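What follows is a walk through a single structure, taken element by element. Keep the model open while reading.

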Amino acid sequence: MRLFVALNLPDEVSDYLKSLQAQLPSAKMNLAKDFHLTLQFLGDVSVDQVMEIKSALYHVFMPYLKFKLGKIGVFKSRGEVKVVWAGLEFPEELMRVHSEIEEQLAPLGFFNDKAFKPHLTLARVKECGVDFESELNGIEVLEKEFEVSEFELMESHLSPEGAKYEIIETFKS
């Protein structure tokens, strides 16, 4: 099982992110079909570990969190655009939730090797033109506000058509 911990978004925010995808410049890319904010990627996990993971996550306090969409940005690898994302303004409390999740999962052998950079992936880019980034800057993002009061343990099913996600367990405030 390929698992991760995430915040899922309200439908109206997901719908708006799809409208942003429609404005992305032309490129060879895979558009995200579902939107979430990954809190911790666990990777391949045995079925035997799932109960331990759930038990650990029930110890995390999840408050109501208020977010606001921010501008579009990119992650690069070797100077090439690889991911297009929508940024977020987020409460400091999100960092506490993230840290608490890490602390609860560390004794089970799950560690993050990357810094936590809250973002919402819009697309994974395979190849793009030289003007791609400057064209992205022309996309206006409305500062939509939304609240989230739960996080999920999710399973990712990979296929040639892209990843499909399944909620394993929901953890509420």
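**Two sheets, a helix and a pocket**

Alanine 27 has cysteine 128, a residue of β6, standing opposite. The model in which this pair is seen is a predicted one. The pair belongs to a longer contact between strands: β2 and β6 (residues 120-128) run antiparallel and are joined by 5 bridges.

These two strands are part of an open sheet of 5 strands, ordered β2-β6-β5-β4-β7 with antiparallel pairing. At its edges stand β2 (27-31) and β7 (145-148); each has a single partner strand, so one side of each is left without a neighbour in the sheet. On average, and with direction ignored, neighbouring strands here are turned by 35 degrees against each other.

Strands of a sheet pair through backbone hydrogen bonds, in either a parallel or an antiparallel manner.

A second open sheet has 4 strands, in the order β3-β1-β8-β9, and its pairing is also antiparallel. Its edge strands are β3 and β9 (164-172), each pairing on one side only. Neighbouring strands of this sheet are turned by 25 degrees against each other on average, again ignoring direction. Within the sheet, β1 and β8 (residues 150-157) run antiparallel and are joined by 4 bridges. Phenylalanine 4 has methionine 154 in β8 as its bridge partner. Helix α3 (residues 92-105) lies across β1, β3 and β8, and runs at about 15 degrees to β3.

Another helix, α1 (residues 11-21), contains glutamine 21. Is this glutamine 21 buried or exposed? With a relative accessible area of 9%, glutamine 21 falls under the 20% limit and therefore counts as buried. Its surroundings can be listed: leaving aside residues up to four places away in sequence, glutamine 21 touches Leu31, Ala32, Phe35 and Leu122. The side chain of glutamine 21 also reaches the backbone oxygen of alanine 32, at 2.8 Å.

The remaining topic is empty space. Rolling a probe the size of a water molecule over the atoms shows where such space is left. In this model the largest pocket holds about 1300 Å³ of space. It is lined by 42 residues, and those closest to its centre are Thr38, Phe41, His119, Thr121 and Arg124. Which strands supply at least two residues each to this lining? They are β1 (2-8), β2, β3 (36-44) and β6. The strand that gives the most to the lining is β3, with 7 residues. The lining thus draws on strands of both sheets: β2 and β6 belong to the sheet of 5 strands, while β1 and β3 belong to the sheet of 4.

Methods:
Residues are numbered from 1 along each chain as its sequence is written. This is a predicted model: local features need pLDDT of at least 70, side-chain atom pairs count only at pLDDT 80 or more; totals for chains, interfaces and linings use all residues. Side-chain values use heavy atoms; hydrogens and water are left out. Two strands pair if DSSP finds at least two bridges between them. Axes are lines fitted to C-alpha atoms, for helices over the stretch in contact, and angles run from 0 to 180 degrees between N-to-C directions. Buried means under 20% relative accessible area, exposed over 50%, partly exposed in between (1.4 Å probe, protein chains only). A polar contact is a pair of N or O atoms within 3.5 Å; within protein, one must be able to donate a hydrogen and the other to accept it, and residues adjacent in sequence count only if both atoms are side-chain atoms. Contact means heavy atoms within 4.5 Å. On a 1 Å grid over the protein atoms alone, a cavity is a set of points where a 1.4 Å probe fits but cannot get out, and a pocket is an open set with protein on both sides within 12 Å along at least five of seven lines; lining residues have an atom within 4 Å of a point. Grid points are joined across faces, edges and corners, and a volume is the space filled by probe spheres set on the points.
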